[in-house]
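The following note sets out several points for a colleague who is examining the coordinates. Each point takes up one part of the fold or one local feature.

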Amino acid sequence: MALHHLGPQHLIYAMSPDNAPVLTVRSGDTVAVETADCFENQIQSETQPFVAINWEHVNPATGPIYVEGAEPGDLLAVRIEKIEPGDHGVMTTGHDMGVFGDELADSTIRIVPIRDGRIEILGYSWPLNPMIGVIGTAPERASVANGTPGEHGGNMDCKLITEGATLVLPVHVPGALFALGDMHAAMGDGEVCSTGVEMPGRVTVTLTVLKAVDLPAPFLIDAERAVAIASCATLDEAAVQAAKSMAHWLQRRTGRMLAEIAILLSAKGDLRICQVVDPLKTIRMEFSKSWLSELGVDVEAMLA
Ligand code: CA
Ligand code: CA
């Protein structure tokens, strides 16, 4: 399978069926994608004026990539092979930003050095938990700004979208038009101040078209778990949608009654917050792969 490279000059600010592809690959190919941070690397100092940021140039994603053979109704499996961080990240918060925005009068910027797999922040040092904030395919019709998540993926800010995971996205247009950006060196569930440790870097992904495979989307599979992801206007709605997405899939795969699936999900599933700061809020429903095996569902085989 071919290895491709896509440089950071190919930036888009919305996922759209009208974006012209900048790279064409075959199903099963691997691409190393260079990304800018969510401010398009405009912030390089803790003292620079926040008001000078060009807000037309935020949340860039690199792409889009046309995957040959991807047709509307298919799924695109995106295996995150590797994340290579930049040498520093940036965090910001301020008035109207995140859950504390009503109590903050001024903007604050912190530059966060990244060294030897650790971030250095406010005098402390932590291991990275690198992840991808914006990752998606083109919606069917309307263009969706990269700051907004949705059923096409986008700004889900889910910290499980990291090395070793496979993210399943819908295909709405020929070629899927896949793009990604907004990497974080670290982020906790919620992203409460409105930024993770925003960093540029390089992500290596393998893109595989899935035909007639019964998986919800967006959906994620990692070493431990299967995860249904949903983004809605409120956390309450996203919680219901994520749980139902997982439940209805388990119903189809096991033939069990919804009431039984509901009981299993309530006993063994985990509903968690991805982010609370984007125009739509994102929740994930996690269910362990060991319990999927107990139920006779081999989710890895569905990716093969
Ligand atoms: Ca984000
Ligand atoms: Ca971000």
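Helices (H or I, at least four residues) and strands (E, at least two) are DSSP runs, numbered from the N terminus. The model under discussion is predicted.

1. Loop residues with positive phi. Leu122 lies in the loop that links β10 (118–121) and β11 (124–127). Its phi is positive, about 50°, although Leu122 is not a glycine. Leu122 is exposed, with a relative accessible area of 65%. Asp96 belongs to the loop between β8 (88–93) and β9 (108–115). The phi of Asp96 is near 65°, again a positive value in a residue other than glycine. Asp96 is likewise exposed, with a relative accessible area of 65%. As background, most residues other than glycine have a negative phi.

2. Cis peptide bonds. Which peptide bond has omega near 0°? The bond from Gly63 to Pro64 does, and it is cis. Pro64 sits in strand β6 (residues 61–67). The peptide bond from Ala217 to Pro218 is also cis, with omega near -5°. Pro218 is placed in the loop between β19 (201–210) and β20. In general, most peptide bonds are trans.

3. The sheet. Nine strands make up an open sheet with mixed pairing, and their order is β1-β5-β19-β7-β16-β20-β21-β23-β22. At its edges are β1 (3–6) and β22 (270–275), each of which pairs on one side only. From one strand to the next, the twist averages 25°. Helix α1 (residues 235–254) packs on this sheet and touches β20 (219–221), β21 (225–232), β22 and β23 (281–288). The direction of α1 makes about 30° with that of β23.

4. Pairing at the β1 edge. In which sense do β1 and β5 pair? The pairing of β1 with strand β5 (residues 29–35) is parallel and extends over four bridges. Within this pairing, His5 has Ala32 of β5 as its bridge partner.

5. Helix α2. The buried residues of helix α2 (residues 258–268) are Ile261, Leu264 and Leu265. Viewed down the axis of α2, these buried residues fall within an arc of 95°, and therefore they line one face of the helix. Ile263, Ser266 and Ala267, on the other side of α2, are exposed. The elements that cover the buried residues of α2 include α1, β23 and α3 (289–294). Helix α1 and strand β23 thus recur here, having already been named in the packing of α1 on the sheet.

6. Calcium coordination. Which atoms coordinate the calcium ion (ligand 1)? The donors are Asn155 (OD1), two entries for Asp157 (OD), and Asp182 (OD), at 2.2 to 2.5 Å. Along the chain, the donors of the calcium ion (ligand 1) follow the spacing N-x1-D-x24-D. Are Asn155 and Asp157 buried or exposed? Both residues are buried.

7. The bridging aspartate. Asp182 bridges the calcium ion (ligand 1) and the calcium ion (ligand 2). The distance between these two ions is 3.2 Å. When reading the coordination of the calcium ion (ligand 1), a colleague may wish to keep in mind that Asp182 appears both among the donors of that ion and as the bridge to the calcium ion (ligand 2).

Technical notes: Residues are numbered from 1 along each chain as its sequence is written. Chains are lettered from A and ligands numbered from 1 in the order in which they are written. This is a predicted model: local features need pLDDT of at least 70, side-chain atom pairs count only at pLDDT 80 or more; totals for chains, interfaces and linings use all residues. Side-chain values use heavy atoms; hydrogens and water are left out. Two strands pair if DSSP finds at least two bridges between them. Axes are lines fitted to C-alpha atoms, for helices over the stretch in contact, and angles run from 0 to 180 degrees between N-to-C directions. Contact means heavy atoms within 4.5 Å. Donors are N, O and S atoms within 2.8 Å of the metal (3.2 Å for Na, K and Ca); water is not among the atoms, so sites may look incomplete. Buried means under 20% relative accessible area, exposed over 50%, partly exposed in between (1.4 Å probe, protein chains only). The arc is that of the directions from the helix axis to the C-beta atoms.
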